[in-house]
Amino acid sequence: MSTKTELEILQETKVELINDLAATATVMEELWRYHPDNPKKVDIVKEYNNLQQIQNDIEKEIQDLGI
């Protein structure tokens, strides 16, 4: 059974924190698409309606398969 050294534990912690930071940045970028201060913001209602239509189209295609 191998025991991790303090350096290995610190390195793993650093990697986890960097991954968390990258994930947070990704979520922030996605949210910025809809943020009121973004002059090029996506219309959330329009985007939601588009996704609903896509969902309906996919459900219809599945139903049309008949299996």
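**Questions on a predicted model: Asn38, helix α2 and the salt bridges**

In this predicted model, the backbone oxygen of Trp32 lies 2.8 Å from a polar atom of the Asn38 side chain.

User: Where is Asn38 placed, relative to α1 and α2?

Analyst: Asn38 has a side-chain polar atom 2.8 Å from the backbone oxygen of Trp32. Helix α1 covers 6–32. The place of Asn38 is in the loop between α1 and α2.

User: Is Asn38 buried or exposed?

Analyst: Leaving aside residues up to four places away in sequence, Asn38 touches Trp32 and Arg33. A residue counts as buried when its relative accessible area is under 20%. The relative accessible area of Asn38 is 9%, so Asn38 is buried.

User: How far apart are the end C-alpha atoms of helix α2?

Analyst: Helix α2 holds 22 residues, from 44 to 65. At 1.5 Å a residue, the helix should span 32 Å. The model agrees with this expectation, as the end C-alpha atoms of α2 are 32 Å apart.

User: Which residue caps the N-terminal end of α2?

Analyst: The cap is made by a side-chain oxygen that lies 3.0 Å from the backbone nitrogen of Val45. That oxygen belongs to Asp43.

User: Which residue follows α2?

Analyst: The residue after the helix has a positive phi, near 65°. This residue is Gly66.

User: Which residues form a nonpolar patch on the surface?

Analyst: One member of the patch, Ile62, lies in helix α2. Ile62 has a relative accessible area of 52% and is therefore exposed. Together the patch residues have about 380 Å² of accessible area, and they are Leu51, Ile54, Ile58 and Ile62.

User: How many salt bridges does the count come to?

Analyst: Side chains of opposite charge can pair when their charged atoms come close. The rule applied here asks for a Lys or Arg side-chain nitrogen within 4 Å of a carboxyl oxygen of Asp or Glu. By this rule the count comes to 3.

User: Which residue forms a salt bridge with Glu12?

Analyst: Glu12 is partly exposed, at 36% relative accessible area. Its partner is also partly exposed, at 47%. The closest N and O atoms of the pair are 2.8 Å apart, and the partner is Lys4.

User: What is the distance between the closest N and O atoms of Glu30 and Arg33?

Analyst: Glu30 counts as partly exposed at 39% relative accessibility. Arg33 is partly exposed as well, with a relative accessible area of 33%. The two form a salt bridge, and their closest N and O atoms are separated by 2.9 Å.

User: How many residues apart are Asp64 and Lys60 in helix α2?

Analyst: The side chains of Asp64 and Lys60 meet in a salt bridge of 2.8 Å, N to O. Asp64 is exposed at 53% relative accessible area, whereas Lys60 counts as partly exposed at 48%. An α-helix has 3.6 residues a turn, so residues three or four places apart point the same way. Asp64 and Lys60 are about one turn of the helix apart, a separation in residues of 4.

Conventions
Residues numbered from 1 in each chain as written. Predicted model: local features only at pLDDT ≥ 70, side-chain atom pairs only at ≥ 80, totals over all residues. Heavy atoms only, no water. Helix = DSSP H or I, 4+ residues; strand = E, 2+ residues; numbered from the N terminus. Expected span 1.5 Å × (residues − 1). Polar contact = N/O pair within 3.5 Å; in protein donor to acceptor, adjacent residues only side chain to side chain. Patch = residues over 30% accessible without salt bridge, like charges linked within 9 Å, V, L, I, M, F, W, Y side chains within 5 Å. Areas by Shrake-Rupley, 256 points an atom, 1.4 Å probe, with all protein chains shown as cover. Buried < 20%, exposed > 50% of the residue type's maximum accessible area, 1.4 Å probe, protein only. Contact = heavy atoms within 4.5 Å.
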